[in-house]
Amino acid sequence: MASSALKNFVGLRQNSPDNQCRRRLSLSKSISPPTTTTRRRLRIMAAKSSPKITGRNLRVAIVGGGPAGGSAAETLAKGGIETYLIERKMDNCKPCGGAIPLCMVGEFDLPLDIIDRRVTKMKMISPSNVAVDIGQTLKPHEYIGMVRREILDAYLRDRAAAAGATVINGLFLKMDMPKRSDADPDSPYVLHYTGYDAKTGGAGERRTLEVDAVIGADGANSRVAKGISAGDYEYAIAFQERIKIPESKMKYYEDLAEMYVGDDVSPDFYGWVFPKCDHVAVGTGTVTHKSDIKKFQTATRNRAKEKILGGKIIRVEAHPIPEHPRPRRVAGRVALVGDAAGYVTKCSGEGIYFAAKSGRMCAEAIVEGSENGRRMVAEEDLRKYLELWDKTYWPTYKVLDVLQKLFYRSNPAREAFVEMCADEYVQKMTFDSYLYKKVVPGNPLDDLKLAVNTIGSLVRANALRREMEKISV
Ligand SMILES: Cc1cc2nc3c(=O)[nH]c(=O)nc-3n(C[C@H](O)[C@H](O)[C@H](O)COP(=O)(O)OP(=O)(O)OC[C@H]3O[C@@H](n4cnc5c(N)ncnc54)[C@H](O)[C@@H]3O)c2cc1C
């Protein structure tokens, strides 16, 4: 079961186009069969021999000003790159729960006043409404941050602008690929967009922008991904209602979030109630039964009924969530990051941190490969970001993928999952991995106990499922 789940993880498969390209690249550089040492030496030489740019610095455009685009733009601008960030809607309020891990606050130096709420209590609620408190192992300074996306995204974009990036309010339409010729092997990408500014008024104006490299940070429906034939990914559809509830009810959610599991709220995901500044966000998602999403949403709302009684829906939103990385994430001097690349974890549906982190990592690879904007970059420079990304986060994605397959498949399995969540060791491991994005080494004895408990829970879940099947026949 677990091994087939691992093989099905498309983005990191051995034969994915990304990996085939990587193999082609290293072969094309090796005249005789390369040893590890010669291959490494050739790589360094290739970077050093990339042409110097004179009279200007490397120009990079980022399409999309969400967390991925904002953090990429800031890193590029600080690294000496001539940076352009194109965002179609400056006050974009991305449909999102807005939960971020504690490590993001420190790593991205986020000011505390953009965090609406600090969640220290989390309730996991089973199909039969058994609620388990899973924040008990948190230390006094630990919390899950809740942000409004319009605030976070604008903050990151403004910081990029302060670092020197040119932020363009524009709708990216398409890009022309470089016209390769011997005379100009590094000819530019030409981006076409509709620009909106004081000069154009509300109407917008067709414009073009020439750059040496492009970062696609334009989310799940990425046009940059289409432009490089990056291939599709399976996706979940997520639905969310923002509900303003009476202040007395809001008290309950002050520092508490809820996750509901069960066939009623989603066949393959979970329903949530997350506290926002002055309301709660109630939502759910599914990959397998997209046309039933409204039914699942109603069920989620019903499960929380007593706690949100008297609430008024102030906003309804829906958006795709990628399920796995795209088959191709780098092509030529174009790289995809964040949702455009497909970096949302299964099981938890988390993508904000991974978007910001991938944007930064990709930008760092460009800064390094171009020697702070003084040299042209090549596909191989951008691939360094992919290599580092896969090496760093592959285990996290895999573990969550397997967990989803094991525990979200039936109501008895979900009951077992919630039961397991009561274990303090499980809570500590889960929270440490979520808050700090590190797979924390555990205590071998506790790991063994956990494995025995997991197997026990699953055996009970299977027995229960068989009993329920008999009853329903
Ligand atoms: C309902 C829902 C709830 C979620 N809850 C959470 C959560 O609680 N925690 C979490 O970590 N993740 C959550 N996610 C996932 C998270 O929202 C994404 O992973 C994250 O937003 C990805 O960031 P990004 O910068 O890659 O893309 P996006 O945030 O999608 O940003 C893309 C940007 O590109 C712009 N853009 C798009 N096309 C163009 C174009 N043609 N021209 C110019 N600009 C363009 C958009 O306006 C947007 O600003 C949730 C997702 C959904 C749908």
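**Close-up views of a predicted model**

**View 1. Helices α12 and α13 are oblique to each other.** The two pack at an angle of about 140 degrees, with axes 8 Å apart. Oblique is what remains once angles under 35 degrees are called roughly parallel, those over 145 roughly antiparallel and those from 65 to 115 roughly perpendicular. Axes are lines fitted to C-alpha atoms, for helices over the stretch in contact, and angles run from 0 to 180 degrees between N-to-C directions. Helix α13 covers residues 379-407, and the α12/α13 crossing is right-handed, meaning the near helix is turned clockwise from the far one by less than a right angle (anticlockwise would be left-handed). Helices (H or I, at least four residues) and strands (E, at least two) are DSSP runs numbered from the N terminus. A word on the model: it is predicted, with pLDDT of at least 70 needed for local features and 80 or more for side-chain atom pairs, while totals for chains, interfaces and linings use all residues. Residue numbers start from 1 along each chain as its sequence is written.

**View 2. Here α4 meets α12.** Their axes come within 7 Å and cross at roughly 30 degrees. That angle makes α4 roughly parallel to α12. The α4/α12 crossing is right-handed.

**View 3. The ligand sits in a shell of 39 residues.** The closest ones are Gly66, Gly97, Gly219, Gly338 and Gly351. Elements that give two or more residues to this shell include the helices α4 (67-78), α11 (338-341) and α12 (352-369), along with strands such as β2 (82-87) and β16 (312-322). A residue is near the ligand if its C-beta atom, placed from the backbone, lies within 6 Å of it. By class, the shell has 17 nonpolar, 14 polar and eight charged residues. Nonpolar here covers Ala, Val, Leu, Ile, Met, Phe, Trp, Tyr, Cys and Pro; Asp, Glu, Lys and Arg are charged; the others, Gly among them, are polar.

**View 4. Tyr343 lies in the loop between α11 and α12.** It has 27 C-beta neighbours inside 10 Å, so Tyr343 counts as buried. The cut-offs are 20 or more other C-beta atoms within 10 Å for buried, 12 or fewer for exposed, and in between for partly exposed, with C-beta atoms placed from the backbone. Pro325 is 18 residues away from Tyr343 along the chain, yet their C-alpha atoms are separated by 5.9 Å.

**View 5. Two loop residues other than glycine, Ser229 and Glu371, have positive phi.** Ser229, with phi near 50 degrees, belongs to the loop between α7 (223-227) and β12. It counts as exposed because it has 11 C-beta neighbours inside 10 Å. Glu371 has a phi of about 50 degrees and is in the loop between α12 and α13. With 17 C-beta neighbours inside 10 Å, Glu371 counts as partly exposed.

**View 6. Glu247 is part of helix α8 (residues 247-250).** Having 8 C-beta neighbours inside 10 Å, Glu247 counts as exposed. Its C-alpha atom is 8.5 Å from that of Asp278, 31 residues apart in sequence.

**View 7. Helix α15 takes in residues 424-436.** The 13 residues should span 18 Å at 1.5 Å a residue, and the end C-alpha atoms are indeed 18 Å apart; the expected span is 1.5 Å times one less than the number of residues. Val426, Gln427, Met429, Phe431, Tyr434 and Leu435 are buried in α15. Just after the helix, Lys437 takes a positive phi of about 55 degrees.
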